[in-house]
Amino acid sequence: MTETATVPTVPPRARAEIDLGALRANVRTLRARVGDAAVMAVVKADGYGHGAVPCARAAVEAGATWIGTALPEEALALRAAGLTQRVLCWLWVPGGPWRQAIEADIDMSLSGMWALREVTEAARAARRTARVQLKADTGLGRNGCQPGADWAELVAAALRAEAEGLVRVTGLWSHFACADEPGHPSIDAQLTRFREMVAYAEEQGVRPEVRHIANSPATLTLPETYFDLVRPGIAMYGLSPSPEVGTPADFGLRPVMTLSASLALVKRVPGGHGVSYGHHYVTPGDTTLGLVPLGYGDGVPRHASGAGPVLVDGKWRTAAGRVAMDQFVVDLGGDEPPVGSEAVLFGPGDRGEPTAEDWATACGTIVYEIVTRIGTRVPRVYVDDVNEDVRG
Ligand SMILES: Cc1ncc(COP(=O)(O)O)c(C=O)c1O
């Protein structure tokens, strides 16, 4: 007898539900906020863990006209999936792949002379004009060209390459260091430096299609940073960049991801029973334990040990003891929900469940890390919330 293993399309263990209706509504909310500025949907790191391609498609349906990625392979994957919108890709190392990106009509960010040299060589070989955007380091101290002599050299060389037909400078842009800290003095300093660097490039003859610097916190709180385009990432996924900036609801945003699992075991244990590796939790008395089949192998931070909140059967429970690779335990305090009951780690909060922000607080991190690290072992289930039109 031959046995054929059937793998269910969505295994019942755990799921990350992705509400594309909420994502579209968030993009429309952001568009309404920025007026004439274009919206670039940032989908790096697999759409902050939400799935780059479905999220990029939904964002485009809601009016985003650009898509942003960090890595060239992320940009090429969008093209392979049939997305034809403008795509800006900003994290390059020697070797590119520049030619593939040129042939895929990707806009490439350049932060220095080495990158301009490589892209012009690739453009020559491909007999195509490469679309490039010059990135200014206005104070972040990370990627980007330094102001002064370095910027002058890059601008001059880009203009020479443009005159030869090898490149077209489509954008001048930068990135904030502290836009999520309202009132931080670096914000104005970066904005002033950006205006100066753009003005210099334009005086020299650069004619960019777009000038841009605003990430989510700037999009939500600093209208003077909009220029021609804004680049929201986290806000599009319905999350606030930081509690100081506000809650998602303050900005009309709705969290897109709900992470849940089915309890793998519910059992009675006596008081004084150690729980999980290291016995960092010991039951205070007779109780029931629920086994949540998600662990750090799925992206649930080990820092959530003893702290991560979970909604089970209408009540918040806390990860009891260590989060292991595949599972963690919650103390159900004597309740006995049936095995298979839903355990919701985070979601929009409507059903009383914790939010990604609650997890970020419990783990001493930011919401970006909570959603982005949810791994490939957790299936993404795409749904469209019926309330989209009401919110949109
Ligand atoms: C260059 C760049 N632009 C925009 C974003 C989007 O940032 P946020 O998710 O805060 O909107 C990022 C993400 O870090 C980025 O690296």
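Modeller: Let's start at P97, which sits in the loop between β4 (86-89) and α5 (98-103). Keep in mind that this is a predicted model.

Biologist: Okay, which residue does a cis peptide bond join to P97?

Modeller: Look at omega for the bond just before the proline. G96 and P97 are joined by a cis peptide bond, with omega at about 15°.

Biologist: Next, phi. Which residue in the loop between α5 and β5 (107-110) should I click on?

Modeller: Go for D105, which is located in that loop. Phi is positive there, about 60°, even though D105 is not a glycine.

Biologist: Is D105 buried or exposed?

Modeller: Partly exposed. Anything from 20% up to 50% relative accessible area falls in that class, and D105 comes out at 37%.

Biologist: What about H279: where is it found?

Modeller: H279 belongs to the loop between β12 (274-275) and β13 (281-282). H279 has a positive phi too, near 50°, and is a residue other than glycine. The cut-off for exposed is over 50%, so H279, with 51% relative accessibility, counts as exposed.

Biologist: Now the ligand. Which residues come nearest to it?

Modeller: There are 14 residues around the ligand, and the nearest are K44, Y48, S216, G233 and Y368.

Biologist: What does UniProt list for K44?

Modeller: An unreviewed UniProt entry lists K44 under "modified residue: N6-(pyridoxal phosphate)lysine". That comes from the record, and such annotations may be inferred rather than shown by experiment.

Biologist: And where is the place of K44 in the fold?

Modeller: K44 is in helix α2, which covers residues 44-48. K44 is partly exposed, at 28% relative accessible area.

Biologist: Which residues is K44 in contact with, leaving aside its neighbours within four places in sequence?

Modeller: Contact here is heavy atoms within 4.5 Å. On that basis, K44 touches G68, T69, A70, E74 and W90.

Biologist: How do I read polar contacts to the ligand?

Modeller: Check for N or O pairs within 3.5 Å. For K44, a side-chain N or O atom is 2.8 Å from a ligand oxygen. The side chain of Y48 has an N or O atom 2.5 Å from an oxygen of the ligand. For S216, the distance from a side-chain N or O atom to a ligand oxygen is 2.5 Å.

Biologist: How much of the accessible area of the ligand does the protein cover?

Modeller: On its own, the ligand has 400 Å² of accessible area, and the protein covers 93% of that.

Terms used: Residues are numbered from 1 along each chain as its sequence is written. This is a predicted model: local features need pLDDT of at least 70, side-chain atom pairs count only at pLDDT 80 or more; totals for chains, interfaces and linings use all residues. Side-chain values use heavy atoms; hydrogens and water are left out. Helices (H or I, at least four residues) and strands (E, at least two) are DSSP runs, numbered from the N terminus. Buried means under 20% relative accessible area, exposed over 50%, partly exposed in between (1.4 Å probe, protein chains only). A residue is near a molecule or strand if one of its heavy atoms lies within 4 Å of it. A polar contact is a pair of N or O atoms within 3.5 Å; within protein, one must be able to donate a hydrogen and the other to accept it, and residues adjacent in sequence count only if both atoms are side-chain atoms. Accessible areas come from the Shrake-Rupley method with a 1.4 Å probe; for residues, only the protein chains shown count as cover.
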